[in-house]
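The following exercises concern a single protein chain and are accompanied by worked solutions. Please inspect the sequence and the coordinates before reading each solution.

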Amino acid sequence: GLHECAKALDQKQAKLCCLASDCDNPEYTKLVKALCEEGGVHLIMVDTGKQLGEYCGLCKVNAEGEATKVVRCSCAVVTEFGVESQAFTVLMEYLKTQK
């Protein structure tokens with residue numbers, strides 16, 4: 001939620017922040033953007049809160065591997081990237097082109 005994301009951003013623990021473009025609270029959006037800018041954290045805008053929720057694993061996965069019962073999420077923060085992989089490299093290349 002907002003509290004945990006704001007805390008991670010404020011304490012400079014965040015490495016990446018994702019914010020849903022359809023977030024219906026302008027103050028929420030303004031706060032997250034300001035904290036990202038202040039901390040030099042990359043911000044990725046995701047089309048919808050449902051899509052962000054699915055990316056975060058806030059859903060059930062059925063037998064066909066499709067996400068069901070997706071919980072909407074307005075903001076998510078990555079504090080640790082984990083093991084370097086091809087996906088990590090692609091993400092870093094994408095982030096370099098954004099600034």
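**Exercise 1.** By about how much of a helical turn are K7 and E4 separated in helix α1?

Solution. The model is predicted: local features require pLDDT of at least 70, side-chain atom pairs count only at pLDDT 80 or more, and totals for chains, interfaces and linings use all residues. Residues are numbered from 1 along each chain as its sequence is written, and side-chain values use heavy atoms, with hydrogens and water left out.

Step 1. Helices are DSSP runs of H or I with at least four residues, strands are runs of E with at least two, and both are numbered from the N terminus. Helix α1 covers residues 2–10, and K7 and E4 lie three residues apart in it, so about one helical turn separates them.

Step 2. Side chains of opposite charge can pair when their charged atoms come close. A salt bridge here requires a side-chain nitrogen of Lys or Arg within 4 Å of a carboxyl oxygen of Asp or Glu. K7 and E4 form such a bridge, with their closest N and O atoms 3.8 Å apart.

Step 3. Relative accessible area classifies a residue as buried under 20%, exposed over 50% and partly exposed in between (1.4 Å probe, protein chains only). K7 is partly exposed at 37%, and E4 is partly exposed at 45%.

**Exercise 2.** Determine how many salt bridges the whole structure contains, and locate the partners in those of E38 and D22.

Solution. Step 1. The search of the whole structure returns four salt bridges.

Step 2. E38 pairs with K12 at an N to O distance of 3.6 Å. E38 belongs to helix α2 (residues 26–39), whereas K12 sits in the loop between α1 and β1 (16–20), so this pair ties together parts 26 residues apart in sequence. Both E38 and K12 are exposed.

Step 3. D22 meets R72 in a salt bridge with an N to O distance of 3.7 Å. D22 is in the loop between β1 and α2, and R72 is in the loop between β4 (67–68) and β5 (75–78); the pair links distant parts of the chain, 50 residues apart. D22 is partly exposed, with 35% relative accessible area, and R72 is likewise partly exposed, with 39%.

**Exercise 3.** Classify the geometry of the aromatic pair formed by F81 and F88.

Solution. Step 1. A pair of aromatic rings is described by the distance of the centres and the angle of the planes. Rings of Phe, Tyr and Trp (its six-membered ring) pair if their centres lie within 6.5 Å; planes under 30 degrees apart are stacked, over 60 edge-to-face, and the rest tilted.

Step 2. This rule gives one aromatic pair. The ring centres of F81 and F88 are 5.2 Å apart and the planes stand at 65°, so the arrangement is edge-to-face.

Step 3. F81 is partly exposed at 26%, whereas F88 is buried at 19%.

**Exercise 4.** Establish how many disulfides the structure holds, and examine the surroundings of C5 and C56.

Solution. Step 1. A disulfide is a covalent bond between the sulfur atoms of two cysteines. The criterion is a pair of cysteine sulfur atoms within 2.5 Å.

Step 2. The structure holds zero disulfides. For C5, the nearest cysteine sulfur is that of C75, 3.5 Å away. C5 is buried, at 5% relative accessible area.

Step 3. For C56, the nearest cysteine sulfur belongs to C73 and is 4.5 Å away. C56 is partly exposed, at 40%.

**Exercise 5.** Describe the position of L58 and its contacts.

Solution. Step 1. L58 is located in the loop between α3 (49–55) and β3 (60–61), and L58 is partly exposed at 37%.

Step 2. A contact means heavy atoms within 4.5 Å. Leaving aside residues up to four places away in sequence, L58 touches G53, K69, V70, V71 and C73.

Step 3. L58 and V71 are 13 residues apart along the chain, and their C-alpha atoms are separated by 5.4 Å.

**Exercise 6.** Summarise the overall architecture of the chain.

Solution. Step 1. The chain has four helices and five strands, in the order α-β-α-β-α-β-β-β-α from the N terminus.

Step 2. Along the principal axes, the C-alpha atoms fill a box of roughly 45 × 35 × 20 Å.

Step 3. Of the 99 residues, 29% count as buried. Among contacts between residues at least 6 apart in sequence, 65% join residues at least 24 apart.
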